[in-house]
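Open your viewer and have the selection tool ready. We will walk through the fold one stop at a time, and each stop tells you what to pick and what to look for.

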Amino acid sequence: MMLARTMMRRVAAACKKGVRNGTPSTTRTINTQMDDSYPILISPSLVSLDLPDIWPTNSSPNEFRSTCRCSNEQTAAIIDGKSIAGEIMSRIACEVWRMKESIGRVPGLAVIMVGQRRDSQTYVRNKIKACEETGIKSSMTELHGNCKEDEVVNVLSRFNADPSIHGILLQLPLPQHLDEEKILDVMSLEKDVDGFHPLNIGNLAMRGRQPLFIPCTPKGCIELLMRSGVEIMGKKAVVIGRSNIVGLPTSLLLQRHHATVSIVHAFTKNPEQITCEADIVVTAAGVPNLVRGNWLKPGAVVIDVGTNPIEDPSCEFGYRLTGDVCYEEAVRVASAVTPVPGGVGPMTIAMLLSNTLDSAKRAYDFT
Ligand SMILES: NC(=O)C1=CN([C@@H]2O[C@H](COP(=O)(O)OP(=O)(O)OC[C@H]3O[C@@H](n4cnc5c(N)ncnc54)[C@H](OP(=O)(O)O)[C@@H]3O)[C@@H](O)[C@H]2O)C=CC1
Ligand SMILES: Nc1nc(=O)c2c([nH]1)NC[C@@H]1CN(c3ccc(C(=O)N[C@@H](CCC(=O)O)C(=O)O)cc3)C=[N+]21
(Lines give C-alpha, C1' and ligand atoms only; values in the text may rest on other atoms or scores of the structure.)
(Ligands and ions follow the chains in the order given, each with its own letter.)
Protein backbone atom coordinates (compact mmCIF):
# COMPACT_ATOMS: atom_id res chain seq x y z
CA MET A 1 0.00 0.00 0.00
CA MET A 2 2.84 2.35 1.01
CA LEU A 3 4.67 1.40 -2.15
CA ALA A 4 1.59 2.09 -4.24
CA ARG A 5 1.10 5.53 -2.69
CA THR A 6 4.74 6.44 -3.21
CA MET A 7 4.53 5.32 -6.80
CA MET A 8 1.34 7.35 -7.36
CA ARG A 9 2.95 10.47 -5.85
CA ARG A 10 5.97 10.09 -8.11
CA VAL A 11 3.77 9.50 -11.12
CA ALA A 12 1.71 12.57 -10.27
CA ALA A 13 4.87 14.68 -10.01
CA ALA A 14 6.19 13.32 -13.30
CA CYS A 15 2.86 13.86 -15.04
CA LYS A 16 2.57 17.41 -13.71
CA LYS A 17 6.03 18.20 -15.00
CA GLY A 18 5.20 16.70 -18.40
CA VAL A 19 2.02 18.73 -18.59
CA ARG A 20 3.75 21.92 -17.40
CA ASN A 21 6.44 21.56 -20.03
CA GLY A 22 3.85 20.80 -22.69
CA THR A 23 5.64 17.54 -23.41
CA PRO A 24 4.26 16.18 -26.68
CA SER A 25 2.75 12.70 -26.51
CA THR A 26 5.36 11.37 -28.92
CA THR A 27 8.14 12.04 -26.42
CA ARG A 28 9.46 8.65 -25.37
CA THR A 29 11.07 9.51 -22.04
CA ILE A 30 10.18 11.96 -19.35
CA ASN A 31 12.89 12.21 -16.78
CA THR A 32 11.32 13.18 -13.50
CA GLN A 33 14.42 15.15 -12.39
CA MET A 34 13.10 14.82 -8.85
CA ASP A 35 14.30 11.23 -8.77
CA ASP A 36 16.55 9.93 -11.51
CA SER A 37 16.01 6.35 -10.42
CA TYR A 38 12.40 6.56 -11.55
CA PRO A 39 12.09 7.66 -15.14
CA ILE A 40 8.55 7.58 -16.46
CA LEU A 41 8.51 6.13 -19.92
CA ILE A 42 5.93 7.32 -22.33
CA SER A 43 5.46 4.43 -24.68
CA PRO A 44 3.83 4.27 -28.07
CA SER A 45 0.04 3.96 -27.99
CA LEU A 46 -1.34 0.47 -27.35
CA VAL A 47 -2.59 -2.04 -29.90
CA SER A 48 -5.60 -0.66 -31.68
CA LEU A 49 -7.70 -2.02 -34.48
CA ASP A 50 -7.36 1.13 -36.46
CA LEU A 51 -4.68 -0.61 -38.44
CA PRO A 52 -2.51 1.22 -40.91
CA ASP A 53 -1.74 -0.63 -44.15
CA ILE A 54 1.91 -0.55 -43.27
CA TRP A 55 2.36 -1.30 -39.61
CA PRO A 56 5.12 0.84 -38.09
CA THR A 57 7.81 -1.05 -36.21
CA ASN A 58 10.57 0.29 -34.02
CA SER A 59 13.32 -1.65 -35.70
CA SER A 60 14.14 -3.86 -38.63
CA PRO A 61 12.01 -7.01 -38.79
CA ASN A 62 15.16 -9.07 -39.17
CA GLU A 63 16.74 -7.56 -36.10
CA PHE A 64 16.43 -10.78 -34.12
CA ARG A 65 17.16 -13.09 -37.02
CA SER A 66 20.51 -11.50 -37.67
CA THR A 67 21.66 -12.57 -34.23
CA CYS A 68 20.70 -16.20 -34.79
CA ARG A 69 23.32 -18.89 -35.11
CA CYS A 70 22.32 -22.51 -34.92
CA SER A 71 24.64 -23.80 -32.27
CA ASN A 72 24.47 -24.86 -28.69
CA GLU A 73 24.72 -21.30 -27.49
CA GLN A 74 21.79 -19.13 -26.56
CA THR A 75 21.01 -16.91 -29.52
CA ALA A 76 17.56 -15.62 -28.65
CA ALA A 77 16.75 -12.23 -27.22
CA ILE A 78 14.63 -12.52 -24.10
CA ILE A 79 11.49 -10.41 -24.35
CA ASP A 80 11.09 -8.87 -20.92
CA GLY A 81 7.32 -8.73 -20.42
CA LYS A 82 7.64 -7.64 -16.82
CA SER A 83 9.55 -4.51 -17.67
CA ILE A 84 7.39 -3.68 -20.74
CA ALA A 85 4.27 -4.12 -18.58
CA GLY A 86 5.87 -1.81 -15.99
CA GLU A 87 6.31 0.91 -18.62
CA ILE A 88 2.69 0.57 -19.69
CA MET A 89 1.50 0.70 -16.08
CA SER A 90 3.44 3.94 -15.50
CA ARG A 91 1.70 5.45 -18.48
CA ILE A 92 -1.70 4.25 -17.22
CA ALA A 93 -0.97 5.72 -13.76
CA CYS A 94 -0.24 9.04 -15.44
CA GLU A 95 -3.53 8.97 -17.34
CA VAL A 96 -5.48 8.01 -14.21
CA TRP A 97 -3.90 10.93 -12.39
CA ARG A 98 -4.75 13.30 -15.26
CA MET A 99 -8.36 12.10 -15.19
CA LYS A 100 -8.59 12.59 -11.44
CA GLU A 101 -7.14 16.11 -11.67
CA SER A 102 -9.44 17.18 -14.52
CA ILE A 103 -12.80 15.61 -13.68
CA GLY A 104 -12.37 14.25 -10.15
CA ARG A 105 -13.04 10.65 -11.22
CA VAL A 106 -10.94 7.51 -11.47
CA PRO A 107 -11.57 4.26 -13.38
CA GLY A 108 -13.15 1.44 -11.37
CA LEU A 109 -12.63 -2.32 -11.85
CA ALA A 110 -14.83 -4.96 -10.22
CA VAL A 111 -13.44 -8.47 -9.83
CA ILE A 112 -15.67 -11.44 -9.10
CA MET A 113 -14.16 -14.72 -7.96
CA VAL A 114 -16.18 -17.85 -7.35
CA GLY A 115 -14.52 -20.58 -5.27
CA GLN A 116 -11.02 -20.80 -3.92
CA ARG A 117 -8.69 -22.05 -6.67
CA ARG A 118 -5.20 -21.21 -5.62
CA ASP A 119 -4.04 -20.06 -9.06
CA SER A 120 -7.13 -17.83 -9.43
CA GLN A 121 -6.43 -16.31 -6.01
CA THR A 122 -2.87 -15.46 -7.09
CA TYR A 123 -3.96 -13.91 -10.41
CA VAL A 124 -6.73 -11.92 -8.74
CA ARG A 125 -4.36 -10.68 -6.04
CA ASN A 126 -1.92 -9.52 -8.73
CA LYS A 127 -4.70 -7.69 -10.56
CA ILE A 128 -5.87 -5.88 -7.41
CA LYS A 129 -2.27 -4.92 -6.58
CA ALA A 130 -1.80 -3.54 -10.09
CA CYS A 131 -4.97 -1.43 -9.66
CA GLU A 132 -3.55 0.01 -6.43
CA GLU A 133 -0.27 0.84 -8.15
CA THR A 134 -1.97 2.79 -10.92
CA GLY A 135 -4.67 4.54 -8.90
CA ILE A 136 -7.53 2.52 -10.39
CA LYS A 137 -10.28 1.80 -7.84
CA SER A 138 -10.90 -1.92 -7.42
CA SER A 139 -13.79 -3.77 -5.86
CA MET A 140 -13.53 -7.45 -5.09
CA THR A 141 -16.39 -9.91 -4.51
CA GLU A 142 -15.64 -13.47 -3.44
CA LEU A 143 -18.44 -16.01 -3.70
CA HIS A 144 -18.54 -19.48 -2.21
CA GLY A 145 -17.55 -22.34 -4.55
CA ASN A 146 -21.03 -23.89 -4.37
CA CYS A 147 -23.06 -20.70 -4.70
CA LYS A 148 -26.07 -20.57 -7.02
CA GLU A 149 -26.07 -19.10 -10.52
CA ASP A 150 -28.49 -16.37 -9.36
CA GLU A 151 -26.00 -15.11 -6.80
CA VAL A 152 -23.32 -14.59 -9.45
CA VAL A 153 -25.86 -12.95 -11.76
CA ASN A 154 -27.02 -10.62 -8.95
CA VAL A 155 -23.45 -9.48 -8.20
CA LEU A 156 -22.82 -8.93 -11.92
CA SER A 157 -26.05 -6.97 -12.32
CA ARG A 158 -25.14 -4.76 -9.36
CA PHE A 159 -21.80 -3.89 -10.97
CA ASN A 160 -23.49 -3.39 -14.36
CA ALA A 161 -25.65 -0.69 -12.76
CA ASP A 162 -22.86 0.98 -10.74
CA PRO A 163 -21.62 4.08 -12.63
CA SER A 164 -18.32 4.11 -10.69
CA ILE A 165 -17.43 0.68 -12.16
CA HIS A 166 -16.10 0.74 -15.73
CA GLY A 167 -14.78 -2.79 -16.02
CA ILE A 168 -15.98 -6.15 -14.69
CA LEU A 169 -13.82 -9.25 -14.56
CA LEU A 170 -15.37 -12.60 -13.80
CA GLN A 171 -12.39 -14.81 -13.00
CA LEU A 172 -12.50 -18.05 -15.02
CA PRO A 173 -12.85 -20.99 -14.86
CA LEU A 174 -16.09 -21.07 -12.87
CA PRO A 175 -17.00 -24.16 -10.82
CA GLN A 176 -18.52 -26.91 -13.02
CA HIS A 177 -22.12 -26.48 -11.80
CA LEU A 178 -22.32 -22.90 -13.10
CA ASP A 179 -23.24 -22.09 -16.70
CA GLU A 180 -20.40 -19.81 -17.81
CA GLU A 181 -22.10 -18.81 -21.07
CA LYS A 182 -25.35 -17.84 -19.40
CA ILE A 183 -23.56 -15.77 -16.74
CA LEU A 184 -21.22 -14.02 -19.18
CA ASP A 185 -24.24 -13.04 -21.31
CA VAL A 186 -25.45 -10.88 -18.40
CA MET A 187 -22.28 -8.77 -18.44
CA SER A 188 -22.74 -5.28 -19.81
CA LEU A 189 -20.94 -5.05 -23.17
CA GLU A 190 -19.57 -1.63 -22.19
CA LYS A 191 -17.87 -3.11 -19.09
CA ASP A 192 -16.54 -6.34 -20.65
CA VAL A 193 -12.86 -5.40 -20.19
CA ASP A 194 -11.84 -9.05 -20.72
CA GLY A 195 -13.34 -8.80 -24.22
CA PHE A 196 -15.03 -12.23 -23.89
CA HIS A 197 -18.58 -11.12 -24.79
CA PRO A 198 -19.67 -12.80 -28.07
CA LEU A 199 -20.29 -9.38 -29.63
CA ASN A 200 -16.75 -8.27 -28.80
CA ILE A 201 -15.27 -11.49 -30.22
CA GLY A 202 -17.59 -11.31 -33.25
CA ASN A 203 -16.55 -7.74 -33.99
CA LEU A 204 -12.89 -8.73 -33.60
CA ALA A 205 -13.42 -11.49 -36.17
CA MET A 206 -15.22 -9.36 -38.77
CA ARG A 207 -13.29 -7.11 -41.06
CA GLY A 208 -14.03 -3.40 -40.67
CA ARG A 209 -15.74 -3.84 -37.31
CA GLN A 210 -14.40 -2.56 -34.00
CA PRO A 211 -14.86 -4.46 -30.73
CA LEU A 212 -15.16 -2.27 -27.64
CA PHE A 213 -12.36 -4.30 -25.99
CA ILE A 214 -9.60 -6.56 -27.28
CA PRO A 215 -9.06 -9.60 -24.97
CA CYS A 216 -6.16 -8.91 -22.61
CA THR A 217 -3.78 -11.83 -23.20
CA PRO A 218 -3.93 -11.66 -27.03
CA LYS A 219 -3.54 -7.87 -26.87
CA GLY A 220 -0.52 -8.35 -24.58
CA CYS A 221 1.06 -10.81 -27.05
CA ILE A 222 0.73 -8.39 -29.98
CA GLU A 223 1.99 -5.54 -27.84
CA LEU A 224 5.11 -7.60 -26.97
CA LEU A 225 5.74 -8.35 -30.64
CA MET A 226 5.34 -4.74 -31.70
CA ARG A 227 7.46 -3.31 -28.91
CA SER A 228 10.19 -5.83 -29.73
CA GLY A 229 10.27 -4.58 -33.31
CA VAL A 230 8.81 -7.77 -34.80
CA GLU A 231 6.91 -7.15 -38.02
CA ILE A 232 3.66 -9.11 -38.13
CA MET A 233 2.28 -8.16 -41.53
CA GLY A 234 2.89 -10.86 -44.15
CA LYS A 235 4.51 -13.22 -41.66
CA LYS A 236 3.55 -16.86 -41.09
CA ALA A 237 2.16 -17.23 -37.57
CA VAL A 238 1.13 -20.40 -35.76
CA VAL A 239 -1.11 -20.26 -32.70
CA ILE A 240 -1.13 -23.41 -30.58
CA GLY A 241 -4.48 -23.60 -28.78
CA ARG A 242 -7.94 -22.33 -29.78
CA SER A 243 -9.62 -21.50 -26.46
CA ASN A 244 -12.14 -18.67 -26.30
CA ILE A 245 -9.94 -16.68 -23.94
CA VAL A 246 -6.49 -17.00 -25.57
CA GLY A 247 -5.98 -19.09 -28.72
CA LEU A 248 -9.00 -18.05 -30.77
CA PRO A 249 -8.81 -14.26 -30.15
CA THR A 250 -5.00 -14.35 -30.63
CA SER A 251 -5.40 -15.93 -34.07
CA LEU A 252 -8.06 -13.34 -34.98
CA LEU A 253 -5.90 -10.46 -33.80
CA LEU A 254 -2.80 -11.73 -35.66
CA GLN A 255 -4.96 -11.96 -38.75
CA ARG A 256 -6.10 -8.37 -38.31
CA HIS A 257 -2.42 -7.48 -38.25
CA HIS A 258 -2.12 -9.19 -41.66
CA ALA A 259 -0.25 -12.33 -40.60
CA THR A 260 -1.03 -15.64 -42.33
CA VAL A 261 -2.28 -17.69 -39.43
CA SER A 262 -2.42 -21.46 -38.82
CA ILE A 263 -4.04 -22.91 -35.73
CA VAL A 264 -2.77 -26.05 -34.02
CA HIS A 265 -4.97 -27.85 -31.49
CA ALA A 266 -5.24 -31.17 -29.70
CA PHE A 267 -6.46 -32.97 -32.86
CA THR A 268 -3.81 -31.55 -35.20
CA LYS A 269 -1.66 -34.19 -36.88
CA ASN A 270 2.09 -33.53 -37.04
CA PRO A 271 1.90 -30.21 -35.18
CA GLU A 272 5.70 -29.87 -35.29
CA GLN A 273 5.62 -29.79 -39.12
CA ILE A 274 3.19 -26.87 -39.14
CA THR A 275 4.91 -25.04 -36.30
CA CYS A 276 8.39 -25.24 -37.79
CA GLU A 277 7.27 -23.15 -40.79
CA ALA A 278 6.24 -20.22 -38.63
CA ASP A 279 8.03 -16.90 -38.24
CA ILE A 280 5.93 -16.23 -35.13
CA VAL A 281 4.75 -18.95 -32.72
CA VAL A 282 2.24 -18.22 -29.96
CA THR A 283 1.62 -21.15 -27.62
CA ALA A 284 -1.41 -21.42 -25.35
CA ALA A 285 -1.99 -25.14 -24.84
CA GLY A 286 -1.34 -25.56 -21.13
CA VAL A 287 1.09 -28.44 -21.79
CA PRO A 288 4.55 -28.05 -20.25
CA ASN A 289 7.47 -28.45 -22.70
CA LEU A 290 5.14 -29.24 -25.62
CA VAL A 291 7.16 -27.15 -28.06
CA ARG A 292 10.66 -28.52 -28.46
CA GLY A 293 13.60 -26.86 -30.16
CA ASN A 294 13.06 -28.95 -33.30
CA TRP A 295 9.51 -27.57 -33.64
CA LEU A 296 10.93 -24.13 -34.35
CA LYS A 297 12.26 -22.53 -37.49
CA PRO A 298 15.66 -20.94 -36.80
CA GLY A 299 15.09 -17.27 -36.07
CA ALA A 300 11.39 -17.65 -35.15
CA VAL A 301 9.90 -15.38 -32.49
CA VAL A 302 8.22 -17.37 -29.71
CA ILE A 303 5.52 -16.01 -27.40
CA ASP A 304 4.83 -18.50 -24.61
CA VAL A 305 1.45 -17.90 -22.98
CA GLY A 306 1.41 -21.24 -21.13
CA THR A 307 1.56 -20.91 -17.35
CA ASN A 308 1.82 -24.39 -15.91
CA PRO A 309 2.57 -25.27 -12.28
CA ILE A 310 5.21 -28.02 -11.95
CA GLU A 311 5.82 -29.70 -8.63
CA ASP A 312 9.18 -28.67 -7.23
CA PRO A 313 9.88 -29.22 -3.52
CA SER A 314 12.88 -26.88 -3.71
CA CYS A 315 10.58 -23.91 -4.43
CA GLU A 316 8.90 -21.80 -1.76
CA PHE A 317 5.34 -23.03 -2.42
CA GLY A 318 6.34 -26.52 -3.59
CA TYR A 319 5.86 -25.71 -7.27
CA ARG A 320 7.30 -23.53 -10.00
CA LEU A 321 5.77 -22.13 -13.18
CA THR A 322 6.77 -23.28 -16.63
CA GLY A 323 5.51 -22.44 -20.10
CA ASP A 324 4.46 -24.63 -23.05
CA VAL A 325 7.86 -24.17 -24.65
CA CYS A 326 11.02 -26.05 -23.75
CA TYR A 327 12.83 -22.84 -22.93
CA GLU A 328 16.40 -24.19 -22.84
CA GLU A 329 16.01 -25.60 -26.37
CA ALA A 330 14.06 -22.64 -27.75
CA VAL A 331 16.70 -20.06 -26.80
CA ARG A 332 19.19 -21.89 -29.04
CA VAL A 333 16.97 -21.81 -32.11
CA ALA A 334 14.63 -18.84 -31.87
CA SER A 335 15.59 -15.20 -32.34
CA ALA A 336 13.40 -14.02 -29.44
CA VAL A 337 11.50 -15.78 -26.67
CA THR A 338 9.26 -14.73 -23.80
CA PRO A 339 10.10 -16.26 -20.41
CA VAL A 340 7.62 -17.82 -17.97
CA PRO A 341 7.17 -16.21 -15.53
CA GLY A 342 7.92 -12.64 -16.55
CA GLY A 343 6.66 -12.71 -20.14
CA VAL A 344 3.00 -12.65 -21.16
CA GLY A 345 1.51 -12.86 -17.62
CA PRO A 346 2.36 -9.31 -16.51
CA MET A 347 1.22 -8.01 -19.92
CA THR A 348 -2.23 -9.58 -19.44
CA ILE A 349 -2.63 -7.54 -16.27
CA ALA A 350 -1.35 -4.32 -17.88
CA MET A 351 -3.84 -4.79 -20.76
CA LEU A 352 -6.68 -5.32 -18.29
CA LEU A 353 -5.89 -1.97 -16.67
CA SER A 354 -5.53 -0.35 -20.08
CA ASN A 355 -8.98 -1.62 -21.13
CA THR A 356 -10.45 -0.38 -17.83
CA LEU A 357 -8.93 3.07 -18.36
CA ASP A 358 -10.28 3.18 -21.93
CA SER A 359 -13.71 2.19 -20.66
CA ALA A 360 -13.73 4.98 -18.03
CA LYS A 361 -12.58 7.51 -20.63
CA ARG A 362 -15.45 6.40 -22.87
CA ALA A 363 -17.97 6.63 -20.00
CA TYR A 364 -16.90 10.18 -19.02
CA ASP A 365 -16.19 11.29 -22.59
CA PHE A 366 -12.68 12.13 -21.41
CA THR A 367 -9.91 12.38 -24.00
N1 LIG B 1 -0.07 -15.72 -19.14
C2 LIG B 1 -1.35 -15.41 -19.19
O3 LIG B 1 -1.73 -14.27 -19.08
C4 LIG B 1 -2.34 -16.49 -19.39
C5 LIG B 1 -1.91 -17.78 -19.40
N6 LIG B 1 -2.81 -18.79 -19.64
C7 LIG B 1 -2.23 -20.14 -19.74
O8 LIG B 1 -2.28 -20.54 -21.11
C9 LIG B 1 -2.50 -21.92 -21.21
C10 LIG B 1 -3.77 -22.17 -22.04
O11 LIG B 1 -4.87 -21.60 -21.38
P12 LIG B 1 -6.36 -21.71 -21.96
O13 LIG B 1 -6.40 -21.23 -23.36
O14 LIG B 1 -7.26 -21.12 -20.97
O15 LIG B 1 -6.51 -23.33 -21.94
P16 LIG B 1 -7.64 -24.31 -22.48
O17 LIG B 1 -7.42 -25.60 -21.77
O18 LIG B 1 -8.96 -23.67 -22.46
O19 LIG B 1 -7.24 -24.53 -24.02
C20 LIG B 1 -6.10 -25.23 -24.39
C21 LIG B 1 -6.02 -25.31 -25.90
O22 LIG B 1 -4.82 -25.99 -26.25
C23 LIG B 1 -5.10 -27.08 -27.10
N24 LIG B 1 -4.22 -28.19 -26.75
C25 LIG B 1 -4.20 -28.93 -25.62
N26 LIG B 1 -3.25 -29.88 -25.69
C27 LIG B 1 -2.64 -29.74 -26.88
C28 LIG B 1 -1.60 -30.44 -27.53
N29 LIG B 1 -0.99 -31.47 -26.98
N30 LIG B 1 -1.25 -30.02 -28.77
C31 LIG B 1 -1.86 -28.98 -29.35
N32 LIG B 1 -2.86 -28.28 -28.78
C33 LIG B 1 -3.26 -28.66 -27.56
C34 LIG B 1 -6.55 -27.44 -26.87
O35 LIG B 1 -7.05 -28.02 -28.06
P36 LIG B 1 -8.58 -28.50 -28.26
O37 LIG B 1 -9.34 -27.22 -28.50
O38 LIG B 1 -8.54 -29.37 -29.43
O39 LIG B 1 -8.97 -29.17 -26.98
C40 LIG B 1 -7.16 -26.08 -26.55
O41 LIG B 1 -7.58 -25.42 -27.72
C42 LIG B 1 -2.57 -22.42 -19.77
O43 LIG B 1 -1.28 -22.86 -19.39
C44 LIG B 1 -2.97 -21.20 -18.98
O45 LIG B 1 -2.56 -21.25 -17.63
C46 LIG B 1 -4.11 -18.54 -19.88
C47 LIG B 1 -4.60 -17.27 -19.83
C48 LIG B 1 -3.75 -16.13 -19.58
N1 LIG C 1 -11.77 -13.70 -16.70
C2 LIG C 1 -10.49 -14.08 -16.76
N3 LIG C 1 -9.59 -13.28 -17.34
C4 LIG C 1 -8.28 -13.64 -17.41
O5 LIG C 1 -7.43 -12.89 -17.96
C6 LIG C 1 -7.88 -14.90 -16.84
C7 LIG C 1 -8.86 -15.69 -16.24
N8 LIG C 1 -10.16 -15.27 -16.23
N9 LIG C 1 -8.55 -16.89 -15.71
C10 LIG C 1 -7.17 -17.36 -15.64
C11 LIG C 1 -6.30 -16.78 -16.74
C12 LIG C 1 -4.84 -16.80 -16.38
N13 LIG C 1 -4.43 -15.42 -16.35
C14 LIG C 1 -3.18 -14.96 -15.93
C15 LIG C 1 -2.98 -13.65 -15.55
C16 LIG C 1 -1.76 -13.23 -15.06
C17 LIG C 1 -0.70 -14.13 -14.95
C18 LIG C 1 0.58 -13.66 -14.36
O19 LIG C 1 0.69 -12.55 -13.91
N20 LIG C 1 1.62 -14.50 -14.34
C21 LIG C 1 2.91 -14.19 -13.76
C22 LIG C 1 3.23 -15.14 -12.63
C23 LIG C 1 2.20 -15.17 -11.53
C24 LIG C 1 2.57 -16.14 -10.40
O25 LIG C 1 3.63 -15.93 -9.80
O26 LIG C 1 1.81 -17.09 -10.14
C27 LIG C 1 4.00 -14.31 -14.81
O28 LIG C 1 3.78 -15.05 -15.80
O29 LIG C 1 5.03 -13.68 -14.66
C30 LIG C 1 -0.88 -15.43 -15.36
C31 LIG C 1 -2.11 -15.84 -15.86
C32 LIG C 1 -5.50 -14.62 -16.62
N33 LIG C 1 -6.58 -15.33 -16.86
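Two strands count as paired if DSSP finds at least two bridges between them. Helices (H or I, at least four residues) and strands (E, at least two) are DSSP runs, numbered from the N terminus. The model is predicted: local features need pLDDT of at least 70, side-chain atom pairs count only at pLDDT 80 or more, and totals for chains, interfaces and linings use all residues. Residues are numbered from 1 along each chain as its sequence is written, while chains are lettered from A and ligands numbered from 1 in the order in which they are written.

**Stop 1: the two domains**

Colour residues 105-194 as domain 1 and residues 228-346 as domain 2; these bounds come from an automatic or database domain assignment. Taken over C-alpha atoms, the centres of the two domains are 28 Å apart.

**Stop 2: the helix before domain 1**

Now select residues 81-103, which form helix 2. Its 23 residues reach 32 Å from first C-alpha to last, close to the 33 Å expected, where the expected span is 1.5 Å times one less than the number of residues. Step just past the end of helix 2 and you meet G104, with a positive phi of about 70°.

**Stop 3: the sheet of 3 strands**

Show strands 4, 5 and 6: they make an open sheet in the order 5-4-6, with parallel pairing. Strand 5 (137-143) and strand 6 (167-170) are the edges, each with a single partner strand, so one side of each has no neighbour in the sheet. From one strand to the next the twist averages 15°. Angles here run from 0 to 180 degrees between N-to-C directions, and axes are lines fitted to C-alpha atoms, for helices over the stretch in contact.

Zoom in on strand 4 (residues 108-114), which runs parallel to strand 5 and is joined to it by 7 bridges. Pick I112 and look across to its bridge partner in strand 5, T141.

Next, add the helices that lie over these strands, taking contact to mean C-beta atoms, placed from the backbone, within 7 Å. Helix 3 (residues 118-134) lies across strand 4 and strand 5, at about 170° to strand 4. Helix 4 (residues 149-161) crosses strand 4, strand 5 and strand 6, and runs at about 180° to strand 4.

**Stop 4: the sheet of 6 strands**

Move to the other open sheet, whose 6 strands pair in parallel in the order 3-13-10-9-7-8. Strand 3 (77-78) and strand 8 (260-264) are its edge strands, each pairing on one side only. Strand 7 (residues 236-240) is parallel to strand 8, with 5 bridges between them. Which residue of strand 8 is the bridge partner of V238? Select S262 to see that partner.

Helix 7 (residues 216-227) lies across strand 9 (280-283) and strand 10 (301-304), at about 150° to strand 10.

**Stop 5: ligand 1**

Select ligand 1 and its 26 surrounding residues, of which the closest are G241, S243, A266, G286 and T348. A residue is near a molecule if its C-beta atom, placed from the backbone, lies within 6 Å of it. Helix 11 (residues 344-364) gives the most to this shell, with 3 residues. By class, the shell has 13 nonpolar, 12 polar and 1 charged; Ala, Val, Leu, Ile, Met, Phe, Trp, Tyr, Cys and Pro count as nonpolar, Asp, Glu, Lys and Arg as charged, and the others, Gly among them, as polar.

**Stop 6: ligand 2**

Around ligand 2 there are 19 residues, with Y123, L172, P341, G345 and T348 the closest. Domain 1 and domain 2 each bring at least three residues to this shell. Helix 11 has the largest share, 4 residues.

**Stop 7: backbone oddities**

Most residues other than glycine have a negative phi, and most peptide bonds are trans. Look at L172 and P173, which are joined by a cis peptide bond with omega about 0°; P173 is in the loop between strand 6 and helix 5 (180-186). Another cis bond, again with omega about 0°, links V340 and P341, and P341 sits in the loop between strand 13 (336-337) and helix 11. Finish at N270, a residue other than glycine with a positive phi near 50°, in the loop between strand 8 and helix 9 (271-275).

Conventions: Contact = placed C-beta atoms within 7 Å.
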